[in-house]
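Hello,

Here is the structure you were expecting. My notes follow below it; please read them with the structure open.

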There are 4 protein chains.
Amino acid sequence: MIIITKPDTTEEQLQHIVERIGEWGLKAQISRGAVRTVVGVIGPEDAVREKPIAAIPGVESVTPVLKPYRLVSREFRDGNPSIVRIGNVPVGGQEVIVMSGPCSVESADQITSIAGEVKRAGARVLRGGAFKPRTSPYTFQGLGVEGLKLLAEAREQTGLPVISEIMDTKDLEVMEKYADCLQVGARNMQNFSLLKEVGRSRLPVMLKRGMSATIKDLLMSAEYILSEGNLNVLLCERGIRTFETYTRNTLDLNAIPVLKKETHLPIVVDPTHGIGLRDHVAAMAFAAIAAGADALMVEVHNSPETAKSDGEQALLPHEFEDLMRRARAVAEAVGRTL
Amino acid sequence: MIIITKPDTTEEQLQHIVERIGEWGLKAQISRGAVRTVVGVIGPEDAVREKPIAAIPGVESVTPVLKPYRLVSREFRDGNPSIVRIGNVPVGGQEVIVMSGPCSVESADQITSIAGEVKRAGARVLRGGAFKPRTSPYTFQGLGVEGLKLLAEAREQTGLPVISEIMDTKDLEVMEKYADCLQVGARNMQNFSLLKEVGRSRLPVMLKRGMSATIKDLLMSAEYILSEGNLNVLLCERGIRTFETYTRNTLDLNAIPVLKKETHLPIVVDPTHGIGLRDHVAAMAFAAIAAGADALMVEVHNSPETAKSDGEQALLPHEFEDLMRRARAVAEAVGRTL
Amino acid sequence: MIIITKPDTTEEQLQHIVERIGEWGLKAQISRGAVRTVVGVIGPEDAVREKPIAAIPGVESVTPVLKPYRLVSREFRDGNPSIVRIGNVPVGGQEVIVMSGPCSVESADQITSIAGEVKRAGARVLRGGAFKPRTSPYTFQGLGVEGLKLLAEAREQTGLPVISEIMDTKDLEVMEKYADCLQVGARNMQNFSLLKEVGRSRLPVMLKRGMSATIKDLLMSAEYILSEGNLNVLLCERGIRTFETYTRNTLDLNAIPVLKKETHLPIVVDPTHGIGLRDHVAAMAFAAIAAGADALMVEVHNSPETAKSDGEQALLPHEFEDLMRRARAVAEAVGRTL
Amino acid sequence: MIIITKPDTTEEQLQHIVERIGEWGLKAQISRGAVRTVVGVIGPEDAVREKPIAAIPGVESVTPVLKPYRLVSREFRDGNPSIVRIGNVPVGGQEVIVMSGPCSVESADQITSIAGEVKRAGARVLRGGAFKPRTSPYTFQGLGVEGLKLLAEAREQTGLPVISEIMDTKDLEVMEKYADCLQVGARNMQNFSLLKEVGRSRLPVMLKRGMSATIKDLLMSAEYILSEGNLNVLLCERGIRTFETYTRNTLDLNAIPVLKKETHLPIVVDPTHGIGLRDHVAAMAFAAIAAGADALMVEVHNSPETAKSDGEQALLPHEFEDLMRRARAVAEAVGRTL
């Protein structure tokens with residue numbers, strides 16, 4: 001931690017800063033410049049990270065030296081990437097994994113038929129929402145537990161493990177009964193009660209980046225889950241909110257190489273929500289693979305114009321098949337399989 | 001709803017659009033321009049709002065005519081504002097209400113002493129966090145139920161009703177036992193499970209705007225609460241996330257006149273979190289009142305440099321007293337009391 | 001300047017960093033922590049500010065200790081504010097100055113009549129665009145020099161000094177002939193050629209904040225003007241670009257107290273462009289005064305629905321009169337006149 | 001144009017709206033819903049686009065039916081892409097073109113040696129700044145005309161055509177003398193005087209997207225250049241400004257497929273400024289190609305740690321060579337050459 005003092009900080013204030021640091025069990029190293037005095041804090045930074053140093057009179061700014069996350073950091077695994085398994089499907093290895101399915105589970109027919117089609121095209125994990133976070137209380141809120149059962153049936157028939165979103169701490173038990181991977185949605189990325197709850201689960205968790213979450217925020221939220229004992233976390237970039245209105249969100253592919261450097265956790269990209277325009281999902285999927293994504297999540301529906309949610313961005317099965325074929329070439333160009 | 005078709009939309013596609021609209025029980029009115037054909041959808045817009053119209057082949061864009069919210073809209077109360085009571089304190093009337101207290105409840109001494117000081121200065125509601133949403137799992141997470149009890153004791157001594165944050169659907173019962181108003185934090189603004197839960201409470205709810213929530217998003221989240229039967233909702237502007245890094249957030253005072261026009265619900269402004277810099281809290285508080293805010297929430301601590309959270313932005317009691325005195329003059333200048 | 005090294009920085013790399021600092025004429029002070037080594041750079045920071053320190057192998061990050069601006073900083077005038085005169089009107093003193101007029105000068109009648117009305121209501125400076133920065137090449141581009149002449153005539157009749165926008169370095173001479181203050185628009189805030197040119201003018205310059213400019217960027221652009229010798233600069237907050245679409249821009253009133261602390265230059269606020277909605281201009285004007293603005297710029301038109309630009313946000317003369325009356329009360333509440 | 005009226009719009013106001021539309025030479029078609037009345041405006045939308053319709057009493061909102069740009073639109077060339085030549089190098093065809101070189105021209109040695117190295121690695125165009133837009137007036141401002149001459153010499157020796165930035169309308173003549181392509185920087189994207197000036201040039205223009213420019217804004221700025229007669233325009237995505245601070249900017253690759261659909265102009269991507277971190281330039285370059293970019297602009301320096309600008313993001317020649325080799329594989333995977 002490095003403390004920069006104000007130009008008019010008095011000697012008395014400086015002493016008070018040094019004392020406070022001492023009270024917290026660390027040492028202060030004073031360095032006097034022509035204009036400002038800089039105080040270096042020597043010792044374990046964790047001990048002072050949460051202290052309100054900036055509130056001490058005379059302090060102008062505080063710069064941390066170390067990262068605030070530990071378990072999620074790349075160093076924690078000595079620079080090696082983690083492989084997280086959804087059912088028997090390994091995410092984070094050589095193969096780029098594609099998760100696919102409809103936005104919402106709507107009926108047995110719908111989910112089974114879509115599951116079959118995405119499997120044929122090469123998807124390795126089935127997605128489908130049973131509990132749906134919708135902006136409006138007047139729109140379809142998901143089939144709930146019934147939807148989870150339908151997902152489990154589709155798994156029976158196709159062998160694809162399933163991922164579905166959890167929205168409430170109360171639902172962990174039922175989710176664990178039917179799903180293979182828990183999804184924490186963008187709107188719940190800083191729902192810390194939920195993060196702690198899934199941190200106690202035996203299932204892997206895919207944590208989606210919030211619409212206004214920095215990369216650091218995302219890593220800190222993942223740290224919550226790992227700190228509860230669940231090390232099987234996937235991070236998912238799904239678009240951030242910017243001033244641009246042409247696209248639904250701004251898929252931030254910059255996050256991929258940055259996260260690959262900062263953390264050992266596998267990186268998933270959701271081009272469907274990310275750009276939110278069906279015509280452009282494929283281009284963003286290819287770009288995500290080229291930038292180094294470990295997995296993709298792509299929405300597919302066999303009748304987008306009657307879908308109960310997000311029909312305008314879902315691909316038709318034949319469009320998805322085409323995407324998979326072309327994505328394979330890009331994966332190979334960057335030394336991976338798909 | 002107004003549908004604009006693509007330049008190359010075929011007659012067949014147009015017919016298909018008209019049929020879909022018919023299936024949903026509405027009428028289509030076609031208007032052919034030189035370049036584009038526009039289809040007006042006549043009938044109750046609510047019936048089609050959630051339909052994936054944009055997914056129908058040939059559709060370029062869809063423009064709603066009506067607002068997606070109903071219960072929160074100003075029209076719902078014939079243009080009149082609502083008054084929401086926290087304990088016996090009316091928010092939304094002539095008097096600008098100030099809620100104040102520390103970020104977190106830390107001890108009996110701390111909360112009681114601060115409660116006494118803010119009351120003397122003119123605060124009408126006591127704030128204090130018992131369950132704390134913290135970015136890092138390694139920082140102080142609040143005293144929990146113990147904190148709620150301390151708040152209730154402080155209420156005994158001062159007569160000030162208390163507001164505190166609820167973070168988990170599981171906690172509603174205990175919150176109702178001790179608090180007078182439930183706060184839903186910015187990070188949970190789209191935690192729809194929580195919104196539904198507090199929508200069933202008998203207590204008023206203060207809903208804080210999410211860091212990347214549009215004004216429309218905020219109103220839709222409030223609509224969730226009202227649609228469950230709880231009409232006692234306060235909206236709180238507390239700063240949005242922008243590219244500016246000098247301030248902690250960008251307090252968006254533009255939201256005040258916009259919300260006053262759109263909704264009957266009272267508007268609270270939190271300048272402390274909004275700008276996040278102790279020196280500038282007062283200026284933003286005055287601006288909020290001048291722009292029409294019904295209430296302010298201001299953090300005060302008697303020892304910011306040892307506070308367990310957010311010490312760097314809390315005011316000292318004497319600073320708060322000074323703020324109140326000057327705020328009173330601004331309130332009077334815009335025809336209100338404080 | 002404080003340099004934080006990477007965890008795997010070698011002793012050799014560290015020596016190389018120290019040598020580079022030496023070459024630039026400064027001294028390095030090494031401080032070894034358990035995990036990271038920190039290198040403090042002792043000496044005039046200006047000398048190394050533009051050096052690519054982050055490009056030296058082994059460097060993880062570089063934190064400046066001092067502000068990158070000098071002439072605009074509050075310290076440069078020992079903490080005192082500057083008063084900048086537009087004609088004979090002092091901006092930055094006790095009186096809150098209101099500049100008003102139409103978006104564009106359209107005709108002799110239009111500008112003279114509006115000038116008369118805003119003067120009667122209490123405006124002290126007349127604004128009007130002759131060269132107009134328009135998003136589309138197909139919309140009204142302003143009357144050019146003819147518009148400047150009409151402004152000068154309106155000044156003759158009313159005695160109000162005039163401010164108008166300069167868009168091209170070629171136009172300085174003609175602008176100086178007719179205007180009393182040069183406006184540099186938001187879109188040209190980092191048009192450094194133009195900044196240097198107006199820095200050589202004898203007229204004061206009002207510099208508008210760019211739509212994505214940080215407060216620091218704004219101050220750096222002002223520094224360009226001052227560094228060329230023109231110390232008469234006004235800074236104008238006029239709304240930044242955020243994700244919010246309800247308002248045209250997000251007027252960032254947080255910038256007012258921050259700028260008052262950082263710089264001696266007077267602060268102008270433009271609520272008209274800032275919020276971009278006629279109904280809400282007054283609320284934002286009051287808020288700006290309460291937050292400490294030294295001046296306001298408010299657009300007025302006597303026939304908004306036939307205006308050649310920005311009619312949808314201009315106030316009618318009687319609305320402006322009402323705004324002025326109420327603004328006066330707010331100004332007095334914060335100890336100023338208007 | 002579709003006009004939505006307010007709920008309380010009177011019959012008289014509605015008539016007034018219809019009359020105004022008539023005065024402008026168009027026809028109004030009224031469509032009365034249960035709650036709102038919608039007025040369709042029939043006729044050439046260009047005629048009313050700049051009219052302040054929203055300022056007419058009773059109007060709530062105005063939705064355009066057509067795009068505001070014409071010459072840049074894909075339809076203008078019947079859906080075909082344009083090929084723009086820089087010297088003899090065609091951009092927009094089968095081959096992905098790479099432009100490379102240092103941020104600034106610093107000396108004859110520097111530019112000649114870097115030019116030789118990037119040519120060997122496969123770059124087809126040489127970049128180098130002679131006039132530099134710098135945030136601070138105290139940093140290196142470029143060699144000016146001398147820099148242009150050095151660029152021309154490097155072209156002599158390598159055969160690579162050169163692109164360099166123009167910052168002032170006064171400099172067009174000298175730029176035309178030495179450069180093969182004019183670059184308009186992000187900060188000047190809405191410097192409309194400059195856009196008009198380069199619109200009269202015989203040289204192609206690469207227009208960089210402003211940091212807070214929407215895709216529509218970018219297209220409108222390009223429309224300025226084309227409307228002056230210069231059809232040889234390249235659009236360059238170089239990162240937008242968001243709340244994320246880990247990366248210097250947020251390279252918005254979503255813009256690539258969107259622009260490919262909206263316009264016939266070739267798309268260039270600048271990963272160097274876009275992400276601003278040397279380690280991650282390659283990943284973003286690959287992603288840009290996979291998303292469909294027609295060209296890349298990549299900064300290379302042979303001594304980043306002594307570079308006079310932007311050294312922290314420039315690649316070393318051997319890093320650039322590696323990038324080119326791997327980029328070739330990605331280009332081939334999406335059916336292009338490099």
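The buried residues of H8(B) pack against elements of two chains, B and C. Within chain B, the partners are helix H7 (215-227), strand E12 (233-237), strand E13 (267-269) and helix H10 (281-291). From chain C, helix H9 (271-275) and helix H10 (281-291) take part. Please keep in mind that this is a predicted model.

H8 of chain B spans residues 255-262 and is mostly covered, with six of its eight residues buried. Those residues are B:Ala255, B:Ile256, B:Pro257, B:Val258, B:Leu259 and B:Glu262.

On the relation between copies: a turn of 180° with a shift of 0.0 Å along the axis lays chain B on chain A, at an RMSD of 0.0 Å. The two copies are therefore related as by a two-fold rotation axis. In chain B, the C-alpha nearest that axis belongs to B:Ser212, at 2.7 Å from it. Both copies use the same surface, since 100% of the contact residues of chain B recur in chain A.

Next, the interface of chain D and chain A. Here 37 residues of chain D are in contact with 37 residues of chain A. About 2800 Å² is buried between the two chains, and carbon and sulfur atoms give 69% of that area. Which three residues supply more than any other three of the area that chain D buries against chain A? They are D:Phe243, D:Tyr246 and D:Asn254, with 23%.

As for polar interactions, there are four salt bridges between chain D and chain A. In a salt bridge across this interface, the side chains of A:Glu244 and D:Arg209 meet at 2.8 Å, N to O. Ten residue pairs are found in polar contact across the interface, counting pairs with both residues at pLDDT 80 or more.

The side of chain D that touches chain A draws at least two residues from each of helix H8 (255-262), helix H9 (271-275), helix H10 (281-291) and helix H11 (317-333) of chain D. H10(D) gives the largest share, six residues. By residue type, this side of chain D divides into 21 nonpolar, nine polar and seven charged residues.

Regards

Technical notes
Residues are numbered from 1 along each chain as its sequence is written. Chains are lettered from A and ligands numbered from 1 in the order in which they are written. This is a predicted model: local features need pLDDT of at least 70, side-chain atom pairs count only at pLDDT 80 or more; totals for chains, interfaces and linings use all residues. Side-chain values use heavy atoms; hydrogens and water are left out. Copies are superposed by least squares on the C-alpha atoms of residues with pLDDT of at least 70 in both. Contact means heavy atoms within 4.5 Å. Buried means under 20% relative accessible area, exposed over 50%, partly exposed in between (1.4 Å probe, protein chains only). Helices (H or I, at least four residues) and strands (E, at least two) are DSSP runs, numbered from the N terminus. Buried area is the accessible area (1.4 Å probe) that two parts lose on being put together, summed over both. A polar contact is a pair of N or O atoms within 3.5 Å; within protein, one must be able to donate a hydrogen and the other to accept it, and residues adjacent in sequence count only if both atoms are side-chain atoms. Ala, Val, Leu, Ile, Met, Phe, Trp, Tyr, Cys and Pro count as nonpolar, Asp, Glu, Lys and Arg as charged, and the others, Gly among them, as polar.
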